[in-house]
Amino acid sequence: MRTFHAAFVRCLAWALPATALSCAAVVATSFATHSIGPWLHAAAFLPIAASCFAATAFWPLFATDGDAREWVRRATRRPFHGLHHAALGSLCASALCMLALAIAAAPFVPTPRAHHAAQPIGRPILDDAQTQLSFEVGAACKELRLRPIAMLPHGELAPARVDVAADGTRITNEPISFDGTRQLVVLPLDGRRVQRIELRLVRGTIPLLFDQHAAVVVSPDTESSLLGCAMALLVMLVPACAALALAMATGAIAALPVQQALVLTALLVQTAGQAGPADAALTLCARGHWLPTEGLLPSISASLLVTAGFVLAAMLTKKAAQP
Amino acid sequence: MSAISIRQLSVTFPGRFRRPAVAALQPLDLELEKGAILGVLGPNGSGKTTLLRVLAGLQSPTTGEANVLSLSPDHPSLVRRVAWQPAGPPPLAALNGRQVLQWFGGQLGLANAEADARADAWLERFELQDSRKRAVRTYSTGMQRRLLLAASLMGDPEVLLLDEPTSGLDPVGSELVMDALRERAQRGAAIVMASHHLQEVELLCSHVLVLHDGKAALRGTLDELLGSGDRSLVVRGLDDAGVAIAKAAIERAGGQLVRCESDRLHLYALYRRLAGRNKQAD
């Protein structure tokens, strides 16, 4: 029995009931509402929090009031005295729970497809001064999604009416109308390869700004729902890493209730507080995006960098605590 | 070669804010040979635990030096050679007793099979085999103490540092522990045990150190400290006439009859007899 194994079993014992509850909630609410909705976030949070709590309660060096803390510190090796094994055990238990949750949630998420932001050619604005705007695409398209920012109208308010064409062929019978900011318009395409999308402002007084993700084309190729869901849920391990690393760093100065409050706060800030990749990954998964094309890597890297900082702090505090 | 050697060792905990510094141990010298059992006595706060923590490498001395098996107490190789049993509950109380011992064996570098075998042997020795699959948090205080001692003995240590090893144990459990410690000492281990149980220290220890306010108030072997040089005689089974004859004989030999009382069993012996009967019934 090694520290990793013991922590893994212990964390799994805590996280499994939470996972069962989460799976049941996801399945029940998805059947009732016919969409995965926001429940995926809550369902993923519960097992992760349970596993992190179990790790901090199990390994005595996570808190100043752990039983026989010094005995464990003496028996285990520097610099982390088993904290890293306990954290790793918790993360592996969480990963297993996330995979179980992915299996339960996969039938209810939209089939994932790659989404590409179309790049505007020239000024990304449609207004009186520039009534035509083109986007470079160069890919097969199943859908075109437009979500521009509506700016202040020139003169009397009249919704902007826009004609949309793909490689010179109109794809709408009537001009589409925009009267609010970030109003989503989804235009189906037949899955053929499109080189260029052209927008033409027909009438209206509302200038439309097409920023980075205002025009998105959706690929006709479908990906695995299970894989997409699993990837999104495994991104939830990133906040868990940071929360456990923070607990490692503060283990020498805080008692268990404080540590658990810290872990909970760190998880909430990174998920509900959107300070990290987890919220975006789950939201994108629930909207049918294929994560590898979504550019989440910088956000994941930033969170892992923070984690590395906490681990370094843990190493220094443990070294300072040596007799 | 001394198993433990202490020269002018002192420990002072620095004051913080308005709290004054505390001198937990004042310059202390000590030598302990292999095979000796040292009982450290003293009131609460006299420095017993601090002394054990220094020897376990968990507390740096403020002045002086301590050597255990000719090495600095915090030398990594001593983790296996020197066992330390703290007061208080065992760690990882969510695991069962066997798992705690297996885990500790793993930390000592024992192979899995060896750790399993030793865990089972010590569980049986300390009569914990029936509870080996129960979570340690459900153990009674005495069972937890026995488990901690079993863990301490897993690595066949050459030095044992024990903080209240028999605290919370019933007489039978206490005797199990004392037997195990006696056996370790006979095999050459040096043992330092802090205790408040004077009778057990008297039964088990070869040496005694009495600490008071961090100073060594008294130290030496039990014979040196308690022996008067005279011999005593215990006689059992006499009636009144026999007592009178014995008293006269004793006085003729220059001795003195101190006390004459009706013969009865000690409570301890009664308890042991009862415990033995219950065990047989089980």
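This report describes the domains, contacts and nonpolar cores of a predicted model.

Residues are numbered from 1 along each chain as its sequence is written, and chains are lettered from A, with ligands numbered from 1, in the order in which they are written. Because the model is predicted, local features need pLDDT of at least 70 and side-chain atom pairs count only at pLDDT 80 or more, while totals for chains, interfaces and linings use all residues.

The domain assignment, which is automatic or from a database, divides chain A into domain 1 (3-112 + 224-320) and domain 2 (113-222). Their centres, taken over C-alpha atoms, are separated by 39 Å.

The two contacts below count residues in contact, that is, with C-beta atoms, placed from the backbone, within 7 Å.

| Contact | One side | Other side |
|---|---|---|
| Chain A with chain B | chain A, 16 residues | chain B, 23 residues |
| Domain 1 with domain 2 of chain A | domain 1, 6 residues | domain 2, 5 residues |

On the side of chain A that touches chain B, helix H3 (69-75) of chain A gives the most, with 5 residues; helices here are DSSP runs (H or I, at least four residues), numbered from the N terminus.

The largest nonpolar core (buried Ala, Val, Leu, Ile, Met, Phe, Trp, Tyr and Cys residues joined through C-beta atoms within 7 Å; buried means 20 or more other C-beta atoms within 10 Å of a residue's own, with C-beta atoms placed from the backbone) has 149 residues, of which Ala55(A) and Leu161(B) touch the most other members. Helix H2 (residues 39-58) of chain A supplies the largest share of this core, 13 residues. Beyond its neighbours within four places in sequence, Ala55(A) has contacts including Ala7(A), Phe62(A) and Leu244(A).

Terms used
Helix = DSSP H or I, 4+ residues; strand = E, 2+ residues; numbered from the N terminus. Buried ≥ 20, exposed ≤ 12 C-beta atoms within 10 Å, placed from the backbone.
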